[in-house]
Amino acid sequence: MARPPLPPFNAETAAQKARMAEDAWNSRDPSRVALAYTEGSRWRNRGEFLSGRAEIEAFLTRKWQRELDYRLIKEVWAFTENRIAVRFAYEWRDDSGHWFRSYGNENWQFDPEGLMAVRIASINDVVIAEADRKYHWPLGRRPDDHPGLSELGL
């Protein structure tokens, strides 16, 4: 099952791949998101190590049960042949109503069919006041006219 754009990446296709990932994650649909990864995809997410779609889907299910009102923006940092590095920030609240902005970097490696085979993510959480939120679009896909990370100063 190919997931275009396929490697080797250029600036346009790397940005397209990052936006597709952002859109999928903003859906908060673990089964949809998991389809972008190889059957044996390997992840490091913070201090958690995952292998395969089933573990990825279970992880994402737990994540979005805990991280409510999740909204994410990704931006390409660098790319080459079959790898893309992105930086991201997402906002969410816990079940007590406390808001957070999580900042991170991801390194992605793709197979020839455009599926992600490796994802390495480093993430830091910062408590923010609700008044300091910058992501106010309705849940789901970020509107095309909404500023990205650089435009928001993040």
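On a 1 Å grid over the protein atoms alone, a cavity is a set of points where a 1.4 Å probe fits but cannot get out, while a pocket is an open set with protein on both sides within 12 Å along at least five of seven lines; lining residues have an atom within 4 Å of a point. Grid points are joined across faces, edges and corners, and a volume is the space filled by probe spheres set on the points.

The model is predicted: local features need pLDDT of at least 70, side-chain atom pairs count only at pLDDT 80 or more, and totals for chains, interfaces and linings use all residues. Residues are numbered from 1 along each chain as its sequence is written, and side-chain values use heavy atoms, with hydrogens and water left out.

**Exercise 1. Describe the largest cavity: its volume, its lining and the elements behind it.**

Step 1. Start with the count. The structure holds one cavity of 30 Å³ or more. The largest cavity contains about 50 Å³ of space.

Step 2. List the lining. Trp25, Asn45, Lys63, Tyr70, Leu72, Lys74, Phe88, Tyr90, Glu106, Arg119 and Ile123 line the largest cavity.

Step 3. Assign elements. Helices (H or I, at least four residues) and strands (E, at least two) are DSSP runs, numbered from the N terminus. S3, S4 and S6 each give two or more residues to this lining. S3 gives the most, with three residues.

Step 4. Sort by class. Ala, Val, Leu, Ile, Met, Phe, Trp, Tyr, Cys and Pro count as nonpolar; Asp, Glu, Lys and Arg as charged; the others, Gly among them, as polar. The lining of the largest cavity then has six nonpolar, one polar and four charged residues.

**Exercise 2. Set out the largest pocket and the second largest pocket by volume, lining and class.**

Step 1. Take the volumes. The largest pocket has about 200 Å³. The second largest pocket has about 160 Å³.

Step 2. Take the linings. Of the 13 residues lining the largest pocket, Arg3, Lys17, Met20, Ala21 and Ala36 lie nearest its centre. The second largest pocket has 14 lining residues, and Ala15, Lys74, Glu75, Val76 and Arg142 lie nearest its centre.

Step 3. Add the elements. For the largest pocket, H1 and helix H2 (30-34) each supply at least two residues. H1 provides the largest share there, five residues. For the second largest pocket, H1 and S3 each supply at least two.

Step 4. Add the classes. The largest pocket's lining has nine nonpolar, one polar and three charged residues. The second largest pocket's lining has six nonpolar, two polar and six charged.

**Exercise 3. Work out the strand order and the pairing of the sheet.**

Step 1. Fix the order. Six strands form an open sheet, S2-S1-S6-S5-S4-S3, with mixed pairing (two strands pair if DSSP finds at least two bridges between them). Strand S2 (48-51) and strand S3 (68-80) are the edge strands, each pairing on one side only. From one strand to the next, the twist averages 20°.

Step 2. Follow S1. S1 and S2 are antiparallel, with four bridges. Arg44 stands opposite Phe49 in S2. These strands form a hairpin with two residues between them, and Arg46 in the turn has a positive phi of about 55°. S1 and S6 pair in the parallel sense over five bridges. Asn45 has Ala121 of S6 as its bridge partner.

Step 3. Follow the other pairs. S5 and S6 run antiparallel and are joined by twelve bridges. Trp108 is bridged to Arg119 in S6. Their hairpin has five residues between the strands, where Gly114 takes a positive phi near 85°. Ten bridges join S3 to strand S4 (residues 83-93), also antiparallel. Phe79 has Ile84 in S4 as its bridge partner.

Step 4. Lay on the helices. Helix H1 (residues 11-27) lies across strand S1 (37-45), S3, S4, strand S5 (99-110) and strand S6 (116-128). H1 runs at about 165° to S3 (axes are lines fitted to C-alpha atoms, for helices over the stretch in contact, and angles run from 0 to 180 degrees between N-to-C directions). Helix H3 (residues 53-66) packs on the sheet and touches S1, S2, S3 and S4.

**Exercise 4. Is Gly104 buried or exposed, and which residues does Gly104 contact?**

Step 1. Gly104 sits in strand S5.

Step 2. Gly104 is buried, because its relative accessible area is 8% (buried means under 20%, exposed over 50%, partly exposed in between, with a 1.4 Å probe and protein chains only).

Step 3. Setting aside neighbours within four places in sequence, Gly104 contacts Val86, Arg87, Phe88, Ser122 and Ile123 (contact means heavy atoms within 4.5 Å).
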